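Trainee: Could we go through the reasoning behind a few labels on this structure? I would like to see how each one follows from its cut-off.

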Amino acid sequence: MKIAGGRQVGAGDTGPGGERGGESTGGSADPADGRGGEFYRLLIDSALDIIAVLDREGMVTYTSPSIKTIMGFKQDELVGRNGFELVHPDDRERIFEIFTRSIDSGEPTEPAVYRFLHKDGHWRSFESKGIGMFDNPAVRGMVITSREVTDRLRAEQEQTLHTILQHAS
């Protein structure tokens, strides 16, 4: 499993807080359910949403493998970069305020829709929600879950336009 800086943590390694890597240990990541770390790694690897971790300054410390399929970036390509750099300039201040308000309050972020620059140079719309896990030594950041909603928003806009045109005639 990759963590901050793209460093690989495996069965014999420990993470920044001394935790053991659970990827190939066969041990349980959650003793209560008896499932091993491999189970959770497979869930993350096959997720259709992007999961990212940002530190308090907004620097990316982790992105899930889905970043490649959805945004064209290699999994570790954004690690070490400020996560707000690729947010559309018209959305950046609002999204940064949501992020900092969540850090200050200790509460999860509200869902937010914004545009993010795809590696191919086109803007894509995302809906994201974050939860601070800064005190968890295995995470030490805000976990952001993002879903690409470009097509959904486009369809909603077309439906709204269609409705307006119907009522206008």
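Mentor: Gladly. Contact here means heavy atoms within 4.5 Å. Leaving aside neighbours within four places in sequence, F116 is in contact with M71, L78, G83, L86, V87, H122, W123, R124 and F126. Keep in mind that this is a predicted model.

Trainee: Why are F116 and F126 called an aromatic pair, and what makes the pair edge-to-face?

Mentor: Ring centres must lie within 6.5 Å, and planes over 60 degrees apart count as edge-to-face. The centres of F116 and F126 are 6.4 Å apart and their planes differ by 80°, so the pair is edge-to-face. By this rule there are five aromatic pairs, and ring pairs also link F84, F96 and F99 into a cluster.

Trainee: Which strands does the F116 and F126 pair link?

Mentor: F116 sits in strand β5 (residues 112-117) and F126 in strand β6 (residues 123-133), 10 residues apart.

Trainee: How do you know that F116 and F126 are buried?

Mentor: Buried means under 20% relative accessible area. F116 has 12% and F126 has 2%, so both are buried.

Trainee: Which residues touch the most other members of the largest nonpolar core?

Mentor: Of its 23 residues, they are L54, M71, L78, I95, F116 and F126. Elements giving two or more residues to this core are β3 (50-54), α2 (66-71), α3 (89-105), β5 and β7 (141-148).

Trainee: What makes R56 count as lying over the face of F134?

Mentor: The distance cut-off is 6 Å from the ring centre, with an angle within 35 degrees of the ring normal. R56 lies over the face of F134 at 4.2 Å from the ring centre, so the distance condition is met.

How values were computed. Residues are numbered from 1 along each chain as its sequence is written. This is a predicted model: local features need pLDDT of at least 70, side-chain atom pairs count only at pLDDT 80 or more; totals for chains, interfaces and linings use all residues. Side-chain values use heavy atoms; hydrogens and water are left out. Rings of Phe, Tyr and Trp (its six-membered ring) pair if their centres lie within 6.5 Å; planes under 30 degrees apart count as stacked, over 60 as edge-to-face and the rest as tilted. Helices (H or I, at least four residues) and strands (E, at least two) are DSSP runs, numbered from the N terminus. Buried means under 20% relative accessible area, exposed over 50%, partly exposed in between (1.4 Å probe, protein chains only). A nonpolar core is a set of buried Ala, Val, Leu, Ile, Met, Phe, Trp, Tyr and Cys residues joined through side-chain atoms within 4.5 Å.
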